[in-house]
Amino acid sequence: MRILGEIAETPFVISQLSPNSPATGGGFIGGWVGKCHGFLHNTVLVIAAILFVAYLAYEAKKSLAKLSNRRSYIMIAYYGCLWLVSLLNLAWCCLQAWECTPGKEVVWNVLTLFTTSGMLFLEVSLVAFLFQGNYASGAEALTRTFLISGLVIGLDLLLKAIYLFGFGVELFIDNNEHIQKVKWGLWVIHKLLLAGIYGMIFFMYNSKWRERLPARPAFYKYITCMLALNGLSLFACTLAANGAHFGLWLYGITSVCYHAFYLPLLYVTFLADFFQEEDLNLENVYYSEMKDAGFFDADWE
């Protein structure tokens, strides 16, 4: 435990900040590099966000041509949402110094609120899309999926806004000096719900009900990754709620992983195959995935 305590004190991973203390050390750039969450934390976030946006821009021409040819309403809408959320996440990653800059608390909370809500919208939508079929198209499927996702995110956004601006709970500002049990209690509930949903789907994939789910190992791997991340984040929030500073450090790690790698993971899981050049090649990929998953074993019995 002594080693863990020393790790939690390192300035390179988790913030050593108070929301009321200025980000000194050379103005905005100095604050970004040396204060708040530290150089390594900020650099990983910014580089990952820039690389992913650059990749989307590089593939934009080919992606738009594929969307135009296939005219899948769901894919067009989802691709547009991915672009919007990716730009929001890039801004969030680049403006980390706002978290510990006096006078920037409100704008930081608003930016974080919309960025995290956008990413959660993509999470909920992905599950809804895949349960309707990987490439379900049409206005009806799009409306049904976005309605469910919009209701969930709207309620989540409203509750967070009430706690942020109504009760003054600092949901998005980490403070090592004064750990707010109310804040971490709320995050425990939030992560518990997400971990429960992913855990239920993971259990279905390993049970007799797996045929009710999309026959795609990529989706199973996605669910496994999200279950592990949310489970670890739940553990970190529980530790932080009980006053353990190691929980703050661990939560910082899970936050970096989420903002740096979730959008690329989502793209690989849901959109990458859609943008393959040859439709026949795409069909062969899905046949191979289904065969590897054992969905054709009954044909040999």
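1. Let us begin with one term: a residue counts as exposed when its relative accessible area is over 50%, as buried when that area is under 20%, and as partly exposed in between. Keep this in mind as you look around the structure, which is a predicted model.

2. A good place to try the term out is helix α4, which covers residues 60-70. Its buried residues are A60, S63, K66 and L67. Viewed down the axis of α4, these buried residues fall within an arc of 130 degrees, so they line one face of the helix. K61 and N69 sit on the other side of α4 and are exposed. There is a handy rule behind such patterns: an α-helix has 3.6 residues a turn, so residues three or four places apart point the same way. Just after α4 comes R71, with a positive phi near 55 degrees.

3. Now step back to the whole protein. How many helices and strands does the protein have? There are eleven helices and zero strands, so reading from the N terminus you meet α-α-α-α-α-α-α-α-α-α-α. Of the 301 residues in the protein, 48% are buried. Take the contacts between residues at least 6 apart in sequence: 73% of them join residues at least 24 apart.

4. Next, look at a pair of helices. Two packed helices are described by the angle between their axes and the distance between the axes. For helix α3 (residues 39-58) and helix α5 (residues 73-94), the angle is about 150 degrees and the axes are 9 Å apart. An angle over 145 degrees counts as roughly antiparallel, and α3 and α5 are therefore roughly antiparallel to each other. The crossing of α3 past α5 is left-handed. On the α3 side the contact is made by L45, V46, A49, I50, F52, V53, L56 and A57; on the α5 side, by Y79, L82, W83, S86, L87, N89, L90, W92, C93 and C94. Sorted by type, the residues of this contact are 16 nonpolar and two polar, with no charged ones.

5. L87 deserves a closer look. L87 belongs to helix α5, and its relative accessible area of 43% makes it partly exposed. Between L87 and A49 there are 8.4 Å in space, C-alpha to C-alpha, and 38 residues in sequence.

6. Helix α5 has another partner, helix α10 (residues 245-271). The axes of α5 and α10 come within 12 Å and cross at roughly 160 degrees, which makes α5 roughly antiparallel to α10. α5 passes α10 in a left-handed crossing. From α5 the contact uses I74, M75, Y78, Y79, L82, V85, S86, N89 and W92; from α10 it uses S255, H259, L263, L266, Y267, F270 and L271. Here the residues divide into twelve nonpolar and four polar, again with no charged ones.

7. One last residue to find is E123, in helix α6 (residues 105-131). Is E123 buried or exposed? With a relative accessible area of 3%, E123 is buried. Apart from neighbours within four places in sequence, E123 is in contact with Y198, Y222, M226, Y258 and Y262. E123 and L266 are 143 residues apart in sequence, yet 8.2 Å apart in space, C-alpha to C-alpha. You have already met L266 in the contact of α5 with α10.

Methods: Residues numbered from 1 in each chain as written. Predicted model: local features only at pLDDT ≥ 70, side-chain atom pairs only at ≥ 80, totals over all residues. Heavy atoms only, no water. Axes fitted to C-alpha atoms, helices over the stretch in contact; angles between N-to-C directions. Helix = DSSP H or I, 4+ residues; strand = E, 2+ residues; numbered from the N terminus. Parallel < 35°, antiparallel > 145°, perpendicular 65-115°, else oblique. Left-handed = near helix turned anticlockwise from the far one by under 90°. Contact = heavy atoms within 4.5 Å. Nonpolar A, V, L, I, M, F, W, Y, C, P; charged D, E, K, R; others polar. Buried < 20%, exposed > 50% of the residue type's maximum accessible area, 1.4 Å probe, protein only. Arc of directions from axis to C-beta.
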